[in-house]
Amino acid sequence: MKQSTVSTVCAVSLRSSLCMLIALTPLLFLSTLAAENQHVQTVHTKDHPAHWDYLGVKSASHWSMLSKEYMGCETGNRQSPIDITTTHHGDHQQNLVFHYKTSQLHEINNGHTIQVSHVSGCHVDLNDREYKLRQFHFHSPSEHHIDGKTYPMEMHLVHQDEAGHVLVIAVMMETDASQPVLGKFWQWLPGQIGQKVTFPLELSLTDILPANTQHYTYSGSLTTPPCTEGIQWIVLKEPMHVSQQDVDQFVQIIGKNARPIQPLGERVIEED
Ligand SMILES: [Zn+2]
């Protein structure tokens, strides 16, 4: 990994003592942790060495041919998203607690999605392990399916613990009712690729997320190149709400941005 990449990673998480350790210890540049940090930060940026897309010759079925780094998109056997069917579940007791505070949100249109980064002071505890919220973004239609059902949108909340493990919480978005707080956020979507917008109000994510934390969980991958595996997925059972107008606006700006369903293979989906 190039030093400049690590510097970029550290620039966005200066307060992380872990990142300072990386900056002070060049030997750690090659560590898995740093690699995963990089993936979290570059998961949805268009400045990656090889450009990819959702349509045409650079669409999902061609990702592995665009770069050697993307081979895992083709050869991996624990890929995301998946169709969560109700016949495969084992019982699993998990204690998921959200600690999301009101914060200022900085949105960017990176060409693949609308992403909100630098969300300060937000984390979740999963079985008493703390995962900091690094960024969240949206897909339309949903990437995961539940019993074959596709939702109009899906929100991904990307977290990371101090050891570098990535936990993504997926929330389905249904259009059966409007969500006024999210509606306000939607009024400020950056329309141009590369455009950044600071949402003028402070927003609490707990106001838009479902109160019920019951979920499915499984081991998968990033749903965008380089399709890195070892990602823990939590898919909330209860959807959040968005208006059809908001979905239409997102698709008008970004286009449809869902990777096709991947084989479950030998994996087991667990349920809380
Ligand atoms: Zn995503």
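Asp246, Phe250 and Ile254 are the buried residues to look at in H7 (buried means 20 or more other C-beta atoms within 10 Å of a residue's own, exposed 12 or fewer, partly exposed in between, with C-beta atoms placed from the backbone). They sit on the same side of H7 because they cover an arc of only 50° around the axis, the arc being that of the directions from the helix axis to the C-beta atoms. This is a predicted model: local features need pLDDT of at least 70, side-chain atom pairs count only at pLDDT 80 or more, and totals for chains, interfaces and linings use all residues. Residues are numbered from 1 along each chain as its sequence is written.

**Around H7**
- Helices (H or I, at least four residues) and strands (E, at least two) are DSSP runs, numbered from the N terminus.
- Turned away from the buried side, the other face of H7 carries exposed Gln244, Gln245 and Gln252.
- E5, E7, E9 and helix H6 (180-186) are among what covers the buried residues of H7.
- Just after H7 comes glycine 255, with a positive phi of about 85°.

**The largest nonpolar core**
- Val168, Ile169 and Ala170 touch the most other members of this 46-residue core, a set of buried Ala, Val, Leu, Ile, Met, Phe, Trp, Tyr and Cys residues joined through C-beta atoms within 7 Å.
- E10 gives the largest share, 8 residues.

**Strand E4**
- E4 (residues 106-109) pairs antiparallel with E5 over 4 bridges; pairing takes at least two DSSP bridges.
- Histidine 106 faces serine 117 in E5 and also stands opposite threonine 198 in E11.

Key. Two residues are in contact if their C-beta atoms, placed from the backbone, lie within 7 Å.
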